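Student: Please take a close look at a single part of this model, the place where the two domains of one chain meet, and then set it beside the contact between the chains.

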Amino acid sequence: MKAPPFEYVRATSVEEACALLGQYGDGAKVLAGGQNLVPMMAFRLLHPSWLIDINEIPALKFVAVETDVVRMGACARQCDIQRDDAIAARAPLLRQALSFVGHAQTRNRGTVGGSLAHADPSAELPLVAQVLGASLVLRAASSTRTLPASSFFSGPMMTELRPDECLEQIHWPVWRDRKTGSSFNEISRRHGDFAIVAAAAQIAVDDDDRCTRAAFGVGGAGPMPVAFPDLAQRLVGCRLGEDELDDVAWDAAAALEPDSDIHATAAYRRHLAGVLVTRVLQSAYEAAKAVP
Amino acid sequence: MTETLYGISAEVNGTVRAGQVVARTSLVDWLREHLHLTGTHVGCEHGVCGACSVMFDGEPVRSCLMYAVQANGHRVTTVEGLQRPDGQLSVLQDSFCETHALQCGYCTPGMLIAAQALLDANPRPTEHEIREAISGNLCRCTGYQQIVEAIALAAQRMGEDAT
């Protein structure tokens, strides 16, 4: 399986990439790590006339770890984010999630922005973006706008990106609560495959082990990954025992509308969601309590 | 439709190689069909099997998921580049032979690239780290056990050589 014919241009700046997108519009696709786009072209599911390669734009690969936010360019490689100890200290969910993303060879090429823009409903990074409430900076030739993850994803493999826009930056909020813990878990047929269902959670506690802040979400059980801010709010103020966690987890599972496919039935996905949310909440809570 | 030819130049196994490709030529097709470096195998052509793994700027990647034009100005190492300067098999390749880490041999070039990249970054890997490093490479013959043994043996030997 070979890709259909297309023309290639290597952009050297974000401005140039956006100008080219403006010029070619619908006929063009941005080529970042290519770990989703290239197979889709090999399967001939996509037939872009132009590929605009953004891999050689240094401005899209920056990483800035700040007190309240971790900012990165859309073309930051998954392997570099996974290895970065400063990021792991501020936004540990990213490293935890990335250990489930593909394999070493695909993470060496795959980008954070590419995974978000591809918006696979089972993919790990879009789930983390939903749970942490990441902001995405979308750049066009003559405009820049910032969307929260909750408005960016619009369906399976669908986002609010316009044909003339390029995902430029991702901003991951940092929780400054001293005792914060997080956890990511998923069930897949083989490690590194897309998840059948994935769950992620982050929890902060006070010195009495009472939850002061919570966020969690589920991927692979609907058209896009979802976070449950209202259910997470129910955990705040409590010491989290089995009953509290179970209640919230199974309410979340009940709110999902998974599909059946060749990999799993809707009922099984819903079951996995309940089990996995319980596990990640428990594990994030234990991690938060363990912070000295 | 006439496809544009793009001039490219890349350092392949230490030598600068230049050529002309259409945009859709994958990196692995350029290596095999244009440069006749047929050690790198083409398996699934959509990034699942790992047979086409090469090192790109020193890091293992799937060469079926890159277009040759993207290699312009970059450094590629294929399985042919793993041998010793005198043409003998490398420590890792020898270890594969000794532990019977290959049967049909189709996955072997990709396994060698993944394993060499692991040992370059981590000379004393645990068994778990070895299994993680080759988890993106499918082998339908060995059941992986001998491959894990080969990589552990190579790590041990390279450690002895270094002391």
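Tutor: Between them, domain 1 of chain B and domain 2 of chain B bury about 1,100 Å², 65% of it on carbon and sulfur atoms; buried area is the accessible area (1.4 Å probe) that two parts lose on being put together, summed over both. His41(B), Met55(B) and Val79(B) supply 41% of the area that domain 1 of chain B buries against domain 2 of chain B, more than any other three residues. This is a predicted model, in which local features need pLDDT of at least 70 and side-chain atom pairs count only at pLDDT 80 or more, while totals for chains, interfaces and linings use all residues. Residues are numbered from 1 along each chain as its sequence is written, chains are lettered from A and ligands numbered from 1 in the order in which they are written, and side-chain values use heavy atoms, with hydrogens and water left out.

The bounds, which come from an automatic or database domain assignment, place domain 1 of chain B at 5-81 and domain 2 at 91-162. To the contact (heavy atoms within 4.5 Å), domain 1 of chain B gives 17 residues and domain 2 of chain B gives 13 residues. The C-alpha centres of these two domains of chain B are 22 Å apart.

As for specific interactions, the count of salt bridges between domain 1 and domain 2 of chain B is zero, a salt bridge being a side-chain nitrogen of Lys or Arg within 4 Å of a carboxyl oxygen of Asp or Glu. Five residue pairs (both at pLDDT 80 or more) are in polar contact across this interface of chain B. A polar contact is a pair of N or O atoms within 3.5 Å; within protein, one must be able to donate a hydrogen and the other to accept it, and residues adjacent in sequence count only if both atoms are side-chain atoms.

On the side of domain 1 of chain B that touches domain 2 of chain B, the elements giving two or more residues are β3 (53-56) and β4 (59-62) of chain B. Helices (H or I, at least four residues) and strands (E, at least two) are DSSP runs, numbered from the N terminus. The largest share of that side, three residues, comes from β3(B). By class, the side has eight nonpolar, eight polar and one charged residues, where Ala, Val, Leu, Ile, Met, Phe, Trp, Tyr, Cys and Pro count as nonpolar, Asp, Glu, Lys and Arg as charged, and the others, Gly among them, as polar.

The contact between the chains can be described in the same terms. Chain A and chain B bury about 2,700 Å² between them, 49% of it on carbon and sulfur atoms, and the contact takes 34 residues from chain A and 33 residues from chain B. Four salt bridges are counted between chain A and chain B; in one salt bridge, the side chains of Glu132(B) and Arg107(A) meet at 3.7 Å, N to O. Across the interface of chain A and chain B, 17 residue pairs (both at pLDDT 80 or more) are in polar contact.
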